[in-house]
Amino acid sequence: MNNTIFSEHRKLRIEDWIVKQMSLGTIRSFPDAIVELVTNCDDSYKRLEEEKISCHGEIKISILRLKGGICKELVAIDFAEGMDRNQLEKALSFGGETSGFERGKSVRGLFGRGLKETIIALGKGTIYTIRDNKLSIAELWWDETERSAKYKITTESYVPSPEARRKIGIQENGTHVKIFVTNPKIKCPDYKTIKSQLCNHFALRDISSSSNRKVQLVFESPEKAELKQTTSILYEKPEGEEILTKSVTLPNFGDEVRIKVFESDSELESPYNNPFFISCLLIKSRGAILDNQLFKFSTEKAGWYFFGEVICDGIYEKVRQGDYGLIDPNRGGIEWKHQDCQILQNEIEKILQPFIEKKREELSKGKPQVKVSEKTKKMLQRICQLLNKFAKLELEKEPIIEDIGDEEIKDIMIKPPKANIEVDKERWFSVYIPLKQIGITPNVRRQFNEEVQHLGLRRSYPKCLWRDDISNLIWKRGTG
């Protein structure tokens, strides 16, 4: 055995079916694809910011959706670093780390993955990238006939013409990714749904709420009368009282963990194991959101009033040192079965426990006491003022008198003869009676008119109108 001669060492070749499996494992739904594209753009901006290079942080996402949830095209554009040809080719190779994670950059791309998986899971992609006034182009796709992933790339980068820049939509540096979707199993939600999902997706919350980023969504559905909608993707943090800010050192882990917890006055949306639910703690490491969890309280109603964040930079450092088991390789979040992650989970649950128990007790007694915020109080005051105004107008409203003009009154008449009456709403009718039928002579009428003028009463009564106030006035004067 000692005399055995080996050939030169070689890297293990990754099988095509593994590439496909990893891609579909990473991109399980349409929002997953957009998350990968947006976070890649954000990572590029972060690298510029860490180098103190000014950038506007704009990210454009365009969707062309057809009938039945079929997405025809998905486009993502950033105006950050761009890539030269060598960087682009490295970005297309599996195992090629280009995010800057290995160099200590605060990025989400811990494994140099995301772009490739997104394209292969969806269909075929074309990448246009400009860096230092040089344009490089690559195509990547999954060949169903040969069941393998393939790509091709420009042999050399070249200076883009003004027309090329206009079509790509990049005037300086940046990257434009256009994906032609051929996978019929990954459906695109409608505009309202996809907007809500992107605004609330846990992995995008820091990006979409940052003043240094502007994420724009363009949604086009030509089969709906050329429907095209443009909106900003913004995460609105729920209102809540900060009930805990604490730093702890994990036992047997040695890393510092910073925890911040808020309590909402009302129950928050919290479907179990959902990337869009609001009631959760965001698990972060070096600026990247890796997971959203409430752990054992995820399915408990008492837990659905809490949200916040847990910052553990030790996860980032341990992965850099080679402990890849801390992170789910398919972007599924943190691997909570890992021993170190279990320690982190136990510590967080221990800290949350007294707050959950208190809320559980409140719920068991009935409706929890709600603290009304100043904003809500002001809103309620404005509503009361409006209601008072409406009530005053309604109470002071004069009855509608149906005038008959010069029509001769020969018998008792009711005006209007027909009317639609709303439930619990007052409706006035006018009754007309010939004066002679109730014994009012011309002298009585003359006396009545003089009395009306003397008392300053309104003079707009029709000449033959009989009303209670006229009757009372005549009766009091002893005139009939």
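Q: Two strands pair if DSSP finds at least two bridges between them. How many bridges join strand β4 and β5?
A: This is a predicted model, and here β4 covers residues 134-143. β4 and β5 pair in the antiparallel sense, and Glu139 stands opposite Lys152 in β5. The cut-off is at least two bridges; for β4 and β5 the count is six.

Q: Which strands stand at the edges of the sheet β5-β4-β3-β6-β2-β1-β7-β8?
A: Eight strands form this open sheet, with mixed pairing. To find an edge, look for a strand with a single partner, because one side of it is then left without a neighbour in the sheet. That picks out β5 (148-153) and β8 (227-232).

Q: What about the sheet with the order β9-β10-β13-β11-β12: which strands stand at its edges?
A: This one is an open sheet of five strands, again with mixed pairing. Neighbouring strands are turned by 15 degrees against each other on average, direction ignored. The edge strands each have a single partner, so one side of each has no neighbour in the sheet, and they are β9 (241-249) and β12 (288-293).

Q: Which helix packs on that sheet, touching β10, β11, β12 and β13?
A: Start with β11 (residues 281-285), which runs parallel to β13 and is joined to it by four bridges. One of the bridge partners is easy to look up: Leu282 goes with Glu309 in β13. The helix packing here covers residues 313-320, and its direction makes about 45 degrees with that of β11; it's α8.

Q: Are the rings of Phe262 and Phe307 stacked or edge-to-face?
A: Phe262 sits in strand β10 and Phe307 in strand β13, 45 residues apart, and both are buried. Their ring centres are 5.3 Å apart, within the 6.5 Å needed for a pair. Planes under 30 degrees apart count as stacked. These two are at 10 degrees, so the pair is stacked.

Q: Over the ring of which residue does the charged end of Lys359 sit?
A: The cut-off asks for the charge to be within 6 Å of the ring centre. Lys124 gives one case, with its charged end 5.5 Å from the ring centre of Trp141. For Lys359 the distance is 4.5 Å, and the ring belongs to Tyr305.

Q: Which helix gives the most to the largest nonpolar core?
A: That core has 61 residues, and Phe30, Ile34 and Leu74 are among those touching the most other members. Ile34, for instance, touches residues including Ile61, Ile63 and Leu198. The helix in question spans residues 30-50 and gives nine residues: it's α2.

Terms used
Residues are numbered from 1 along each chain as its sequence is written. This is a predicted model: local features need pLDDT of at least 70, side-chain atom pairs count only at pLDDT 80 or more; totals for chains, interfaces and linings use all residues. Side-chain values use heavy atoms; hydrogens and water are left out. Rings of Phe, Tyr and Trp (its six-membered ring) pair if their centres lie within 6.5 Å; planes under 30 degrees apart count as stacked, over 60 as edge-to-face and the rest as tilted. Helices (H or I, at least four residues) and strands (E, at least two) are DSSP runs, numbered from the N terminus. Buried means under 20% relative accessible area, exposed over 50%, partly exposed in between (1.4 Å probe, protein chains only). A charge sits over a ring if NZ of Lys or CZ of Arg is within 6 Å of the ring centre and within 35 degrees of the ring normal. A nonpolar core is a set of buried Ala, Val, Leu, Ile, Met, Phe, Trp, Tyr and Cys residues joined through side-chain atoms within 4.5 Å. Contact means heavy atoms within 4.5 Å. Axes are lines fitted to C-alpha atoms, for helices over the stretch in contact, and angles run from 0 to 180 degrees between N-to-C directions. Lists of a residue's contacts leave out its neighbours within four places in sequence.
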